[in-house]
Amino acid sequence: MATPHHHLVQRIQALRDDPERVAVEGFHALKHALRFGAHVEAVYADAAADLRGLEAGLAPGVLELLQVDVEVLPSSVFGRLIEPRPPVPILSVVQRPRWAVEDTLRDPGPLVLLERPRHLGNVGTIVRTAAAARAGGVITTGRADPWHPVAIRAAAGLQFALPVHRLDGLPRTDRPVLAYDDGGVPLGSVELPDRPILAFGTERHGISAELRERADLVLRIPMHPQVSSLNIAAAAAIALYTLPGALNDPPRPTLGRPAPEGSG
């Protein structure tokens with residue numbers, strides 16, 4: 001016999017395969033989704049969650065942006081919706097924004113390309129760093145979905161702050177491609193161009209031969225000789241914040257609610 005919330009649990013589980021919606025876990029991610037104009041369809045909270053207390057302490061006024069009521073669920077039901085349970089037991093159903101890749105490629109800021117990343121936590125951390133560094137967007141290839149709930153949680157919901165695409169490969173573009181990999185010239189030894197695409201491969205295998213061939217410049221981040229590799233999220237942060245003018249650019253306007261057209 002089905003429980004009263006059986007269909008709700010099934011719906012949340014199906015979100016991982018829904019190209020139009022995403023599951024946003026926790027308060028921090030919901031806060032950023034609301035700040036950047038996401039369309040929130042539903043919010044579920046554990047009966048023990050103190051939403052108003054969190055709002056007052058972390059983001060005064062942010063819940064006023066909600067257009068839906070928060071549905072409070074028993075802890076036993078909420079535990080079936082999210083595994084593992086987040087520190088703040090809140091789950092939101094949010095429309096997945098879609099941007100046109102062509103518009104992203106025209107953005108004046110740097111772009112980040114992740115070639116076949118494997119770790120969703122790293123993907124989310126890089127999205128979070130890219131948003132903080134005022135990048136123009138993040139592009140991933142391969143199977144790891146940057147809109148997976150794990151990646152959204154790692155990014156604190158900042159997928160809604162800038163275009164995030166999952167594509168088959170690097171699109172055609174006249175932007176310079178800077179690939180970060182072993183065997184390149186040391187970072188800091190050459191002048192870097194404007195509007196670059198910063199490309200990263202996996203920590204174990206680096207970039208592919210195809211991406212190396214397309215790169216206008218291959219750079220390496222100098223490290224202690226006994227250190228074999230650098231976490232990809234740390235490498236992306238170093239690359240973004242060593243670009244010319246990275247710390248001096250004026251704040252860019254927020255994107256607001258993205259248009260539903262284009263690919264993502």
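In this predicted model, a nonpolar patch of about 270 Å² lies on the surface. Met 223, Val 227, Leu 230 and Ile 238 make up this patch. Ile 238 sits in helix α9, which spans residues 232-241. Its relative accessible area is 31%, so Ile 238 is partly exposed. Patch residues need over 30% relative accessible area, and Ile 238 has 31%.

Charged side chains were examined next. Six salt bridges are counted in the model. One of them joins Arg 21 to Glu 41. The closest N and O atoms of this pair are 2.8 Å apart. Arg 21 belongs to strand β1 (residues 21-25), and Glu 41 belongs to strand β2 (residues 40-46). The two residues are 20 residues apart, and their pairing links distant parts of the chain. Arg 21 is partly exposed, with a relative accessible area of 27%. Glu 41 is also partly exposed, at 22%. The bridge does not stand alone: Asp 18, Arg 21 and Glu 41 are linked in a network of salt bridges.

Glu 25 forms a salt bridge with Arg 153. Here the closest N and O atoms are 2.4 Å apart. Glu 25 lies in strand β1, whereas Arg 153 lies in helix α7 (residues 149-154). The pair therefore ties together parts of the chain that are 128 residues apart in sequence. The partners differ in burial. Glu 25 has 7% relative accessibility and counts as buried, because the cut-off for burial is under 20%. Arg 153, at 30%, counts as partly exposed.

A further salt bridge brings together the side chains of Asp 181 and Arg 212. The N to O distance is 2.2 Å. Asp 181 is placed in strand β8 (residues 177-186), and Arg 212 in helix α8 (residues 209-214). Parts that are 31 residues apart in sequence are therefore tied together by this pair. Asp 181 is buried, with a relative accessible area of 15%. Arg 212 is partly exposed, at 35% relative accessibility.

Two of these bridges thus pair a buried acid with a partly exposed arginine: Glu 25 is buried and Arg 153 partly exposed, while Asp 181 is buried and Arg 212 partly exposed. In the bridge between Arg 21 and Glu 41, by contrast, Arg 21 is partly exposed and Glu 41 is partly exposed.

How values were computed. Residues are numbered from 1 along each chain as its sequence is written. This is a predicted model: local features need pLDDT of at least 70, side-chain atom pairs count only at pLDDT 80 or more; totals for chains, interfaces and linings use all residues. Side-chain values use heavy atoms; hydrogens and water are left out. Patches are made of residues with over 30% relative accessible area and no salt bridge: like charges are joined within 9 Å, nonpolar side chains (Val, Leu, Ile, Met, Phe, Trp, Tyr) within 5 Å. Accessible areas come from the Shrake-Rupley method with a 1.4 Å probe; for residues, only the protein chains shown count as cover. A salt bridge is a side-chain nitrogen of Lys or Arg within 4 Å of a carboxyl oxygen of Asp or Glu. Helices (H or I, at least four residues) and strands (E, at least two) are DSSP runs, numbered from the N terminus. Buried means under 20% relative accessible area, exposed over 50%, partly exposed in between (1.4 Å probe, protein chains only).
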